[in-house]
Amino acid sequence: MADQSIVIVGAGGGMGYALAKRFAAGGLRVGLVARQQPTLERLAGQLAEAGVEATTAVGDASYSGSIRSALDKLTEQLGVPQVLVYNVAAVEPGRPSTLDSVRLLASLASNAGGFLDTVQQVLPGMRKRRSGTILLTGSGVALNPWVDGAALSAGKAAQRSLLRALAVEVADEGIHAATVTIKGVIGSSAEFAPERIAEAFWDVHVQAKKDWEVERIYTGSNP
């Protein structure tokens with residue numbers, strides 16, 4: 001897998017670090033996208049200490065031009081990624097009765113619109129190569145909405161719907177699209193440790209085509 005790479009959009013501490021480390025252990029080169037340069041520098045430094053070299057690009061998933069520019073930069077340096085992980089969760093507090101529609105739409109722009117922009121930027125290369133894995137860091141709030149986080153719930157539900165539709169569209173082209181839907185709080189316990197969840201992402205990525213899952217519901221009791 002020396003010529004293969006993973007690009008993680010929405011890379012920060014926690015899941016971003018764990019995913020980068022796990023896929024690097026599997027032989028993939030690592031590309032990271034985050035909104036802030038200091039975040040990328042900090043994460044790249046932590047990965048370097050663990051023996052993982054990472055290529056970085058600043059990009060804001062809520063702005064089409066920004067995320068496309070970041071992905072162009074990483075593709076120039078790493079090639080078309082074999083694995084794309086969309087790890088964005090724009091949290092906007094508020095119950096349905098008080099949530100402002102402008103704030104809702106802003107949240108959807110990152111959670112759902114950014115997912116579409118990201119996928120559409122890498123998909124032509126994957127289609128030309130006829131291989132690739134697109135993974136979404138999903139959330140249980142897409143299945144059971146969180147009353148105090150109605151915008152996040154709506155955004156994650158939109159992500160999940162788009163991902164599942166995408167999976168049907170691209171499966172015959174050799175591209176595996178799947179969501180790892182996490183029914184719990186990342187880092188809240190040993191079962192929900194980022195490193196353990198990252199194993200679920202890896203497991204889905206390496207599945208034989210006949211076993212492809214569209215959704216892995218992660219409950220802490222399964223890998």
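## Helices, cores and a few single residues

Helix α1 and helix α6 pass each other in a right-handed crossing, a term used when the near helix is turned clockwise from the far one by less than a right angle (left-handed if anticlockwise). Everything here comes from a predicted model, in which local features need pLDDT of at least 70 and side-chain atom pairs count only at pLDDT 80 or more, while totals for chains, interfaces and linings use all residues. Residues are numbered from 1 along each chain as its sequence is written, and side-chain values use heavy atoms, with hydrogens and water left out. Helices (H or I, at least four residues) and strands (E, at least two) are DSSP runs, numbered from the N terminus.

### How α1 meets its partners

Two packed helices are described by the angle between their axes and the distance between the axes. What angle do α1 and α6 make? Helix α6 covers residues 194-205, and the two pack at an angle of about 50 degrees, with their axes 8 Å apart. That makes α1 oblique to α6. Axes are lines fitted to C-alpha atoms, for helices over the stretch in contact, and angles run from 0 to 180 degrees between N-to-C directions. Angles under 35 degrees count as roughly parallel, over 145 as roughly antiparallel, 65 to 115 as roughly perpendicular and the rest as oblique.

On the α1 side, the contact with α6 is made by Met15, Ala18, Leu19, Arg22 and Phe23; α6 brings Pro194, Glu195, Ile197, Ala198, Glu199, Phe201, Trp202 and His205. These residues divide into 9 nonpolar, 1 polar and 3 charged. Contact means heavy atoms within 4.5 Å. Ala, Val, Leu, Ile, Met, Phe, Trp, Tyr, Cys and Pro count as nonpolar, Asp, Glu, Lys and Arg as charged, and the others, Gly among them, as polar.

Helix α1 (residues 15-25) also has helix α2 (residues 37-49) as a partner: their axes come within 11 Å and cross at roughly 40 degrees. The two are therefore oblique to each other, and α1 passes α2 in a right-handed crossing. Tyr17, Ala20 and Lys21 of α1 meet Leu43, Gln46 and Leu47 of α2. By class, that contact has 4 nonpolar, 1 polar and 1 charged residues.

### The α4 and α5 pair

Let us move on to another pair. The axes of α4 and helix α5 (residues 150-170) come within 8 Å and cross at roughly 20 degrees, which makes α4 roughly parallel to α5. This crossing is right-handed. From α4, the residues in contact include Leu104, Leu108, Phe115 and Leu123, while those of α5 include Leu152, Ala158, Leu162 and Leu166. The contact divides into 15 nonpolar, 4 polar and 2 charged residues.

Arg130 sits in the loop between α4 and β5 (132-139). Although Arg130 is not a glycine, its phi is positive, at about 60 degrees.

### The nonpolar cores

A nonpolar core is a set of buried Ala, Val, Leu, Ile, Met, Phe, Trp, Tyr and Cys residues joined through side-chain atoms within 4.5 Å. Which residues of the largest core touch the most other members? They are Phe23, Leu32 and Phe201, out of 32 residues. Elements giving two or more residues to this core are β1 (5-9), α1, β2 (29-34), α2, β4, β6 (175-182) and α6. Apart from it lies another core, of 25 residues, among them Leu84, Val88, Leu136 and Val170.

Leaving out residues up to four places away in sequence, Phe201 touches Met15, Leu19, Phe23, Val85, Leu135, Leu136, Thr137 and Val180.

### Three residues side by side

Buried means under 20% relative accessible area, exposed over 50%, and partly exposed in between (1.4 Å probe, protein chains only).

| Residue | Place | Relative accessible area | Class |
|---|---|---|---|
| Met15 | helix α1 | 4% | buried |
| Thr55 | strand β3 (residues 54-58) | 17% | buried |
| Pro96 | loop between β4 (83-86) and α4 (101-129) | 61% | exposed |

For the contacts of these three, residues up to four places away in sequence are again not counted. Met15 touches Asn87, Ile186, Pro194, Ile197, Ala198 and Phe201. Met15 and Ala193 are 178 residues apart in sequence and 8.7 Å apart in space, C-alpha to C-alpha. Thr55 is in contact with Val30, Gly31, Leu32, Leu74, Gln77 and Leu78. The contacts of Pro96 are with Val147 and Ala150. Pro96 and Ile182 are 86 residues apart in sequence, with 23 Å in space from C-alpha to C-alpha.
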